[in-house]
Amino acid sequence: MASVSAAVVLAASLPSNQAVAGSGAASAAASKYPRLTQALEALVDRPAGPPGAVVIVHRGNDRRVLTAGVANVETGRAIRATDHMRIASAAKAFSGAVALTLVARGRLSLRDTIDEVLPYLPDAWGDVTLAQLLHHTSGIPDFSKSQAFLDRVIAHPQVPMPPRRLLSFIKGRDLFFKPGSRYKYSNSDNIAVGLMAQEVTGQPYARVLKRLVSNPLHLARTSLPRGAQLPRPFIHGYAVAPGEPPEDQSEILAAGLAWASGGVVSTPADLDRFIRGYVGARLYPRALRAKQLRLVQGHSEPPGPGLNKAGLALFRYQTRCGTMYGHTGNTPGYTQFAAATLDGRRSVTVSISRQLVPKDDPVMFRELRQLQVLAVCAALR
């Protein structure tokens with residue numbers, strides 16, 4: 001969940017060729033991708049760079065993991081691809097996977113409206129469809145930018161709220177535009193998607209997420225907690241400023257303050273496995289993916305590498321080396337990027353332990369996007 005953070009601050013076993021920090025496999029991965037390795041280390045070595053970073057480049061059955069820095073600045077523990085982390089708005093791809101799987105099973109339709117599925121939400125939102133929520137063309141205001149919500153988070157950052165309560169902060173607000181007429185990224189959209197999933201299944205969203213996504217894709221270290229505590233071991237996330245010691249932000253916010261929009265906890269290894277399955281259409285028929293790939297002008301938050309366009313709960317990233325599809329995210333202490341080719345056979349994940357957004361540190365954010373491009377090039381070439 002990108003916007004809350006700025007305002008508030010207010011695995012399964014890996015294949016034998018995986019590079020593990022300090023191992024011969026790590027050296028092999030570094031020698032295979034020297035430019036990517038150099039860029040990764042340069043980003044971490046910057047005076048205000050992230051204390052740790054993990055990059056996974058996955059080509060067919062060949063998965064290579066590059067790491068730099070540490071998972072914990074106090075202990076110096078090496079960072080690993082199986083450590084837990086907050087995936088922030090990359091969680092929106094998970095809610096998209098849930099929704100599209102339910103569409104494939106006939107429990108939902110992309111044409112279903114808020115009025116039909118969630119009649120207790122404001123009448124002004126009634127004509128918004130599931131497709132528009134997934135496309136960020138609903139026009140529903142972003143609850144995370146509401147001053148009332150921000151005040152609540154500042155007062156009680158580690159206390160979660162019921163999902164319906166999140167949308168109550170904007171219940172009196174008009175739509176920004178006629179549904180379907182424009183693109184505007186909103187954390188509210190995926191809260192509504194999660195509520196739809198609960199409504200039609202009669203089960204909590206976390207349970208639906210596990211049953212429809214985590215279990216089929218074997219995401220053993222992926223969860224949707226309510227509170228602020230992370231499963232151990234985890235990659236500590238930090239706020240970093242030149243000349244100051246890193247400030248640990250790993251557990252300052254309850255995951256329930258973002259829920260289906262940004263509350264998922266995973267690992268770099270699980271995130272890589274998810275994005276391959278999700279983009280590779282392993283959860284629902286490829287005919288449905290054709291609808292998912294009807295793109296509109298719009299970029300992920302934060303922007304991903306290359307030229308961005310928006311589909312249903314995923315983004316197309318066109319780079320100089322080729323095209324991938326996926327999602328980004330940031331939250332206090334973490335910035336994420338995960339993408340794959342449409343056959344799901346080539347993928348990248350880039351996870352760093354610092355929140356980076358363009359307006360706060362444009363120079364370092366450009367370096368991060370260049371790192372992402374190099375990772376895409378490594379996967380595609």
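What follows looks at one helix pair and one strand with its neighbours in a predicted model.

Take the helices to begin with. Helix H3, covering residues 34-45, packs on helix H13, covering residues 362-380, with the two axes 9 Å apart and an angle of about 155° between them. That angle makes H3 roughly antiparallel to H13, since anything over 145 degrees falls into that class. As for handedness, H3 and H13 cross in the left-handed sense. On the H3 side, the contact is made by Arg35, Leu36, Ala39, Leu40 and Leu43. These meet a set of H13 residues made up of Met364, Glu367, Leu368, Gln370, Leu371, Leu374, Ala375 and Ala378. Sorted by type, the residues in this contact come out as 10 nonpolar, 1 polar and 2 charged.

Now for the strand. E13 spans residues 346-352, and 6 of its 7 residues are buried, so the rest of the structure largely encloses it. E13 pairs with E1 (residues 52-59), running antiparallel to that strand with 7 bridges joining the two. E13 also pairs with E12 (residues 334-340), again in the antiparallel sense, this time over 6 bridges.

Val350 of E13 turns up in both pairings: Val55 stands opposite Val350, and Phe337 has Val350 as its bridge partner too. E12 and E13 form a hairpin with 5 residues between the strands. In that hairpin, Gly344 adopts a positive phi near 75°.

Note on methods: Residues numbered from 1 in each chain as written. Predicted model: local features only at pLDDT ≥ 70, side-chain atom pairs only at ≥ 80, totals over all residues. Heavy atoms only, no water. Axes fitted to C-alpha atoms, helices over the stretch in contact; angles between N-to-C directions. Helix = DSSP H or I, 4+ residues; strand = E, 2+ residues; numbered from the N terminus. Parallel < 35°, antiparallel > 145°, perpendicular 65-115°, else oblique. Left-handed = near helix turned anticlockwise from the far one by under 90°. Contact = heavy atoms within 4.5 Å. Nonpolar A, V, L, I, M, F, W, Y, C, P; charged D, E, K, R; others polar. Buried < 20%, exposed > 50% of the residue type's maximum accessible area, 1.4 Å probe, protein only. Pairing = 2+ DSSP bridges.
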